[in-house]
Amino acid sequence: MKIAFAGKGGAGKTSITAWLADHLARRGENVWLVDADTALSLGQACGLDPAALPAPLAEREDIIRQHIGQGYMSLNPDVSGLPDTLSVDAPLGGPALPGVSPGRKRLLVMGTIAGATNGQGGGCACAANALLKAVLAHLILERREWVLVDLEAGVEHLGRGTVADVDALVVVSEPSLRALSTAGEVSRLARGLGLSRQVLALNRCEPDLALPTQLAAQLNLQMDLPERMLRIPALAGLKARQLESGSVLGLPEDDAIGALCDELLERLGSSGTKAPEPCRNMTASVSVALGAP
Ligand SMILES: Nc1ncnc2c1ncn2[C@@H]1O[C@H](COP(=O)(O)OP(=O)(O)OP(=O)(O)O)[C@@H](O)[C@H]1O
Ligand SMILES: [Mg+2]
């Protein structure tokens with residue numbers, strides 16, 4: 001299954017992406033983690049040393065030139081080898097399920113898709129965008145492994161054809177009026193792209209907190225939120241951890257996080273860690289690769 005994570009800045013997208021990837025790998029699944037954010041924090045959230053992280057693909061002029069070219073751009077480059085060459089393996093955050101041989105977690109650092117540039121300035125950002133989109137399309141449409149895409153905060157990138165072909169979207173939000181209205185906007189835009197399988201992950205939310213949606217209705221604010229919802233509590237262990245490390249794995253709340261990941265998968269309509277869905281046809285891949293920058 002291919003899942004994207006979107007929402008307001010600081011809502012918890014990267015943490016939840018890292019938790020779900022680890023959960024799946026410890027149950028024997030192979031997972032691609034795609035960092036498509038300018039902040040590039042997914043690697044650290046997965047416990048990798050920042051020094052071990054590769055340069056974002058959006059800044060790899062050599063690779064961009066090789067696959068997309070200059071002047072005459074190749075619109076359908078062969079990028080099938082790139083994920084294996086450019087990814088780094090991330091360590092598991094805890095033990096695999098008994099009797100299960102753990103899956104691989106591979107991190108691909110893309111950089112932001114909408115804002116891709118080619119390095120220190122100069123040249124054409126279109127080429128970088130075309131390559132990023134082609135790699136994402138390849139992972140989403142042709143690979144059988146799980147793919148989790150940690151998107152940049154906000155909504156702008158959702159109109160650019162980058163996530164339209166994932167199977168599901170997790171809209172991450174805190175339970176505040178402002179965060180939820182961004183979440184509603186993200187959800188509405190994604191639905192407009194045909195991405196209707198969505199779950200609202202309400203992060204740092206007490207189990208019995210009343211949502212401000214009723215208040216929003218009284219104020220006539222439109223909040224087009226996903227129907228399915230998952231509440232994630234504030235985690236004291238993560239609060240303490242972030243004082244000393246960027247990793248969000250191996251927390252004292254590990255069991256609770258595992259249970260939340262199962263709930264999330266169930267709400268996304270995935271029957272737990274079943275094999276990912278089969279590949280889809282290539283026509284769609286071309287439409288992603290050629291989407292407007
Ligand atoms: N449930 C939680 N309990 C405690 N702390 C949390 C929780 N979820 C996230 N955090 C912390 O909140 C901060 C923001 O989380 P995270 O980086 O996952 O958000 P993000 O949406 O990816 O942010 P950005 O938009 O900057 O990429 C991090 O320091 C993270 O450790
Ligand atoms: Mg993030």
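In this predicted model, the helix α9 (254-267) provides the largest share of the lining of the second largest pocket, namely five residues. Helix α1 joins α9 here, as each of the two supplies at least two residues of this lining. In total, 17 residues line the second largest pocket, and the space within amounts to about 200 Å³. Nearest the centre of this pocket lie His23, Arg26, Arg27, Asp254 and Gly258. Sorted by class, the lining comprises nine nonpolar and five charged residues, together with three polar ones.

Attention now turns to the largest pocket. Its volume comes to about 510 Å³, and 24 residues form its lining. Those lying nearest the centre are Gly10, Gly12, Ser15, Arg204 and Gln242. Two helices, α1 (13-26) and α8 (236-241), each contribute at least two residues to the lining of the largest pocket. Of the elements involved, α1 gives the most, with four residues. By class, 11 residues of this lining are nonpolar, nine are polar and four are charged.

Read side by side, the two sites meet in one element: α1 supplies at least two residues to the lining of the largest pocket and at least two to that of the second largest pocket. The leading contributor is α1 in the largest pocket, whereas α9 takes that role in the second largest pocket. For anyone setting up a calculation on either site, the residues named nearest each centre offer a handy set of labels: Ser15 and Arg204 are among them for the largest pocket, and His23 and Asp254 are among them for the second largest pocket.

Terms used
Residues numbered from 1 in each chain as written. Chains lettered and ligands numbered in written order. Predicted model: local features only at pLDDT ≥ 70, side-chain atom pairs only at ≥ 80, totals over all residues. Heavy atoms only, no water. 1 Å grid on protein atoms, 1.4 Å probe; cavity = no way out; pocket = protein on both sides within 12 Å on 5 of 7 lines; lining within 4 Å. Points joined across faces, edges and corners; volume = space filled by probe spheres on them. Nonpolar A, V, L, I, M, F, W, Y, C, P; charged D, E, K, R; others polar.
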